Amino acid sequence: MRGLLALVFAIGAAAPALADDVAASDPRDLSVTIYRDPARSQGGAIDLARLGGFAVITETRLVTLPAGKHRLRFVGVVDGIIPESAIVTGLPGGVIEKNRDAALLSPAALFRAFQGRAITLKRTSRVTGKAATLPAQLVSAGPDGVVFKTAEGEEALRCSGLPETFSYDRAAEGLSARPVLSVLTSSARPVTAEVKLTYIAEGFDWSASYTASIGKDAQTLDLGGWITLANSNSVSLPNARTQIVAGGLGREAAQRLRAVPPQVSLNCWPQQRTHQVPRKPERPYALVSPYREPRDEVDDDYLQESNIVVTGSRRSYDYAVAAPMMVMPPPPPPLPPQAEQLGDLKLYRLPERTSVAARQMKQSRLLDKPGVGFEHVLDLALSSYDSRAPSEVGSVKDPASYTHTPLTLLRSRNDRDHGLGLPLPAGQFVVEQDHDGRMLPVGQPALRDTAEDEKIELRLNLAEDVAVERWTRKVAKRKQWQELRLANSRSVAVTVELRFTDAASMRFDFGKDARAFRRDGEQVLVVELPANATSQLSYTVAWN
């Protein structure tokens, strides 16, 4: 018998102890690197309700662990965390397992947590019209309504037509007001250490936007850039070192299992006016929120009377002139972030710490480049072969002409000679120009991801005061004689670039004095058109 008892005690002593919960401190340092949504088009707008980007977040926390096995809780992680991506460094015993605790504090979660438990019901008396409190028991809560039980029996909340609400007598167990990531760890001795938690979280995105102010010389512009950071999660990242990554990141779409907790709603008579009640019976009413006891314990049905007493008295004034205060000049703006190479991508570090607030978007300065040189041209794309011309060989008696409108184009190069020479992430432009002393917008083109020494082309609006008319006056078996008439109604001269597409197998003859060349597989013809002038030219197109 003694041997059996000794064996039982030995087995009990050898059994591992249950893990105790230990909470890490709040983040002492934060770093967030935001990756752009690869599916969002270049220069597309950000929708805060649907953010397809993600962020890599690093939190530095202080941990005090007793000896033994413990469950370490990181309270306040971003709710869009991908738990399998979490890496914890600095723990002496390492990580045994990881868990994402999804039981967050909410009205619906409180309903589920207090089913079968006591609550305090506050209702309006039918006799006196005053608010009264009485103990009750929460029987059930779900999409069809809330049922409670009092000394008078069971009934549904707010189905009496009178104001009713409730409160809880104690805190709910197992619910956390903030998202929690817990890891199981073991330590051979008590330790206080600084650990780093790094994880990927969804629900982030960023975009770039630019302003281009055309100077009075019409040859340079002042370029400004801004970074818009977006966070659709319920957790803010205050005073964080912030980086963004530009470029097309290849990321596979993975379907994630997201458990949607059942909602609790009321289908009984709501506290609304008659015209506010939805006509559709299937529309759910708003979720009931607990009340808070007023400090002065005055019934909610009555408002406290506050009398404002205004008194007047004769005052004497001293009209002595005070010495002017010295106004310090404002500090210079921070330098824009410099691009760093990250594999085939570009990483920008914001020069100052910033707060990426929950469910908000904010902007930070990206660049400021005055005096960027550019070229102003009118661009028009034409097909090399005139498919509307007749197919019969010979001269065309009554050739049909077609009029085209060129597009205003601002062209530059991303190099130091033009005042740039830095990687530009894709974004939306607002181009403005001075008119009678006011800067007015003249276009909103989009910019693709542009590396150093690449050309920049900003396509603005149609140039309605410049017209290009084309027709074919003669047709051979493999040749066309085409003509162009260009009309300029402006008071200034313009440069028109005619781009002939599908020109790989075509041969053009514009004459020896024409300014023509090949670019990006297209035939380009440049025409200088004087102010208030019309120009006409003839050329041939031949093919094999």
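Start by selecting Asp379 and Leu407: Leu407, in β23, is the bridge partner of Asp379. Before moving on, a word on what is loaded. This is a predicted model, where local features need pLDDT of at least 70 and side-chain atom pairs count only at pLDDT 80 or more, while totals for chains, interfaces and linings use all residues. Residues are numbered from 1 along each chain as its sequence is written, and side-chain values use heavy atoms, with hydrogens and water left out.

**The sheet around your first pick**

Now show β20 and strand β23 (residues 407–413) in full; they pair in the antiparallel sense over five bridges. Strands here, like helices, are DSSP runs numbered from the N terminus (E, at least two residues, for strands; H or I, at least four, for helices), and two strands count as paired if DSSP finds at least two bridges between them. Zoom out a little and you get six strands in an open sheet with mixed pairing, in the order β27-β23-β20-β30-β33-β32. At the edges are β27 (455–462) and β32 (515–519), each with a single partner strand, so one side of each has no neighbour in the sheet. Neighbouring strands are turned by 30° against each other on average, direction ignored; that angle is taken between lines fitted to C-alpha atoms, on a scale from 0 to 180 degrees between N-to-C directions.

Next, step across to β30. Strand β20 (residues 375–383) runs parallel to β30, joined by six bridges, and a good pair to click is Leu380 with its bridge partner Leu498 in β30. On to strand β33 (residues 522–529), which is antiparallel to β30 and joined to it by seven bridges; try Arg499 and its partner in β33, Val524.

Why is β30 (residues 494–501) largely enclosed by the rest of the structure? Seven of its eight residues are buried, where buried means under 20% relative accessible area, exposed over 50% and partly exposed in between (1.4 Å probe, protein chains only).

**Ring hunting**

Switch to side chains and pick out the aromatics. Rings of Phe, Tyr and Trp (its six-membered ring) pair if their centres lie within 6.5 Å; planes under 30 degrees apart are stacked, over 60 edge-to-face and the rest tilted. That rule gives eight aromatic pairs. One of them is Tyr210 with Phe429, stacked at 4.8 Å centre to centre with 15° between the planes. The two sit 219 residues apart, with Tyr210 in strand β13 (residues 191–214) and Phe429 in strand β24 (residues 427–435). Tyr210 is buried at 1% relative accessible area, and Phe429 is buried too, at 4%.

Then select Phe508 and Phe510, stacked with centres 5.5 Å apart and planes at 5°. Both are buried, and ring pairs link them with Phe500 and Tyr539 into a cluster.

For charges over rings (NZ of Lys or CZ of Arg within 6 Å of the ring centre and within 35 degrees of the ring normal), go to Arg388, over the face of Tyr402 at 3.9 Å from the ring centre. Lys474 has its charged end over the ring of Trp481, 4.7 Å from the centre.

**Last stop: the cores**

A nonpolar core is a set of buried Ala, Val, Leu, Ile, Met, Phe, Trp, Tyr and Cys residues joined through side-chain atoms within 4.5 Å. In the largest one, of 57 residues, Ile57, Leu72, Phe74, Tyr199, Phe204, Tyr210 and Leu237 touch the most other members. Strand β13 gives the largest share of this core, twelve residues. Apart from it lies another core of 23 residues, including Leu380 and Tyr539.
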